[in-house]
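User: Hi! Could you walk me through this one with me?
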Amino acid sequence: MAHHEEDTLVTVVIDDVEYQMPEGMNLVDAAKVYADNDIPVFCYHPKLGNAGNCRMCLVELGSPRRNRETGEMELAWFPTLQTACTQTVREGLHVRTATQWVADGRREILEFLLSSHPLDCPICDKGGECPLQNLTMRHGPGTSRMYWNDKMRLGKHIPLGEIIYLDQERCIHCARCIRFQEAIVDDPVLSFDKRGRKQQIITNSDPGFDSIFSGNTTDICPVGALTTADFRFNARPWEMQAIGGIDPHTPEGANFVYDVRPDREKGGMNTIKRIMPRQNEAVNEIWISDKTRFVHHYMDHPDRLTTPHIRKNGQLTPATWDEALEVVATKLNAAGARAAAIGGPRLANEDFFAIQALIRAMGSSSLAAYPALMDGADIVNQVGVASGTNLGDLGAGDAILVVASDLHQEAPIWWVRVKQAVERGAQLVLVTGRETRLDKWAAHIIRSPYGGEASALNALGDDVMQVLNGATHMVALVGSEGMSPATSRAVAQAAANLLIETGHVGQAGSGLIMVWPGANLQGAYDMGFHHRLGPGYEPVDEAGLDYAGIIEGLTNGGVEFLLVAGANPVFDDADAEAALSGTGAFVVVQDLFLTETAEFADVVLPAQSTAEREGTFTNGERRVQRFYQAIEPLGYELIDQGGGARADWLIARQLHNKLGGPVPEIAATQLFAQIAKTVPQYNGMSHAKLARVVPQFPDVGGDDLYYGGTSYTNVHGTGMQWPVRAEMGSEHVSTAGVDAPAAVQPEDGMLVVVPTTSHYNRERIFTYTDVLDQRIPLPYAALNPTTAEGLGVTDDERIVIRLDGRDVPVTVLVDPSVPENTAIVPRRLQKQGAPHATTTAPVLRMERVEQ
């Protein structure tokens, strides 16, 4: 960890050797980084700070003081051993870590900790990566003086919730889990109960351990006290191989590893045993959400598609790849410029690039990234956060603007990082239609009516403008709550104007971030998956159809061929279902399952999951990151019979080749090389360069697991961030007019209905993850108490929202944070259960509908 130029260096003596260290740095950190001296810890963690609970870090400590009699400076040693984790570096500090006194102290601490610890290392999930195990071997007693009958007997399989289990006998009361929940993610749902040897961790929330970050506590637990329901007794750490992955669900691009192992029950195929955080201090640090950690079980679900299907006599029937590709190529060639494609956010950059190249080879630019909630990636190309931006560097003197986003639900890692920036002194400005978890941390809150966010940005008060103008750095995050593409574009442009006018573009630490409703929508637009922009945001000669135009084109003949890859619009969109059910167009779906959209397809092609192939994602901060193949593609044993799942990019390249295009690349690495030549922003990138790593602090996942926990050291790559135009100079960007739409207002007999994002929903990837089943809420509408009273309903009653002639049944959740005359309705909790964007609709009690 290099010191900053503004740090004051002081002289510290450790074991009779002088070192220059930054003043104020924690002594445990400083000893590790500058003296290569690993002081053992249990309760201390570089991300959590000190607690002084375990006393494992005992050292001899001497400090300069002035002699009262002589007035001379002298070195005074403390009469007792001191905890290093509670000390900070200061001039003249002397530390001894290798004396017999220190060794005796550490041995005695371990003896106390082990006095009631169970001897179950051979069956403990932490065995092989256990800090207590390692430190006992290094510093502990060789034998025990404790009587077996004196050991404390406590619970061995205590559910803190349905996800995390507690072994009370193993807990050493370090409080890491409690402190993580309180200090890092602001979910204080764990605490201590009782005292002394009977002290134990309890959950004080309903449901138990109610946090979307709960799995991180198992990583930082220094013993096997906390384990996850899906990994408990499933595999041993030394049996597994760690393969680098990138979060395929949300736009932050969190780094993780798949821990895989050959499984006898799967015929010797590698299976994913668990997902663990992979350190990337510029992206997710060492944390991942529970969605990232647990939503992988769908990958080997028995409902996965393994063979192509062709509709014959009204039924989808199995076929070979050769048969399916030949049919698709013939229909695509016949459609020509009336071809279109819709691509979902699980697709990699290689997939988006290959599909857009295929459709454009037909003379069409009818391309739509899905969900089609936001627009403005070309604005990001102008004034996105500059290269080198790290949200972890924001603090005192900086400003953060968040518009139309519930970050906690949409992008939880960004929520954590924004919260921590505020704790370091940054000023947070919110422009939202309702209260969210960020309100607690905001310096200024502007409540804007839904649809009026752009107008609100254009009319910020003097007090807010003073904060923004005076900020050293400024980051603006624009979300999708209640948005349509036109609304989000207006908001993005208004935010960009603010950044330009206040001088916060083109410099690291400042710029625009779009909170895309999916993992790789930034990459989609970079690749040219847009109806009016080609690769690298170059305008196309003739614009194609956007998402709404494609759906309309299915009914009016404007679209004769539609490829849907990695998207399920029918689950969300009644218009899409109506169009597909009556269209004469030829429809091809590439997906993992026979989705609601695939049921309308003429050909269904089985696609590989992100764990079954390699590729790249680009996160919302424009960091291009590589992921690797972790397991064999599902159905690989059917390859000789013409089956097996294939990568989306390979399917597109094989189709392109049948129509006279290039010979398909052998690997995604080759295709990315083509991307680097075609997309200017990606010039100079390669899979090899994306795999480069840089030194990071803190040092986690090393031999000293007691220090940073079991998050993985990053050996798979930290990625590359592409530059925006503003980095070429302010003269390369300029403000633009904002076509601000009117705010949506309630009408007589109607409420404003706002679609929002829930962290968990009822897409197949979630419903096929049993461990999270209880965390997925039932379909609901959140109403203000006054609004609920006016409708004559209370909590848990059933109501119906009438959307475009459809009755959508939901359960009432009375919530005082919701604006009056407004219904907050999360998307994807049921089929077609929310509007596309904020609208007005009648809301009726269920019995009135039944009458």
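User: How do strand 30 and strand 34 pair?
Analyst: Strand 30 (residues 751-756) and strand 34 (residues 822-826) pair in the parallel sense over five bridges. Strands here are DSSP runs of E, at least two residues long, numbered from the N terminus, and two strands pair if DSSP finds at least two bridges between them. One bridge joins P755 to V825 in strand 34. This is a predicted model, where local features need pLDDT of at least 70 and side-chain atom pairs pLDDT 80 or more, while totals for chains, interfaces and linings use all residues. Residues are numbered from 1 along each chain as its sequence is written, and side-chain values use heavy atoms, without hydrogens and water.

User: Cool, and what order do the strands of the sheet come in?
Analyst: The open sheet has seven strands in the order 35-30-34-31-33-32-36, with mixed pairing. Strand 35 (839-841) and strand 36 (843-845) are at the edges with a single partner strand each, so one side of each has no neighbour in the sheet.

User: Switching topic: how many aromatic pairs are there?
Analyst: There are 11 (ring centres within 6.5 Å, using the six-membered ring for Trp). F617 and F627 form a tilted one, 4.9 Å centre to centre with 45° between the planes; planes under 30 degrees apart count as stacked, over 60 as edge-to-face and the rest as tilted.

User: Is F617 buried or exposed?
Analyst: F617 is buried, at 2% relative accessibility. F627 is buried too, with a relative accessible area of 2%. Buried means under 20% relative accessible area, exposed over 50%, partly exposed in between, with a 1.4 Å probe and protein chains only.

How values were computed: Helices (H or I, at least four residues) and strands (E, at least two) are DSSP runs, numbered from the N terminus.
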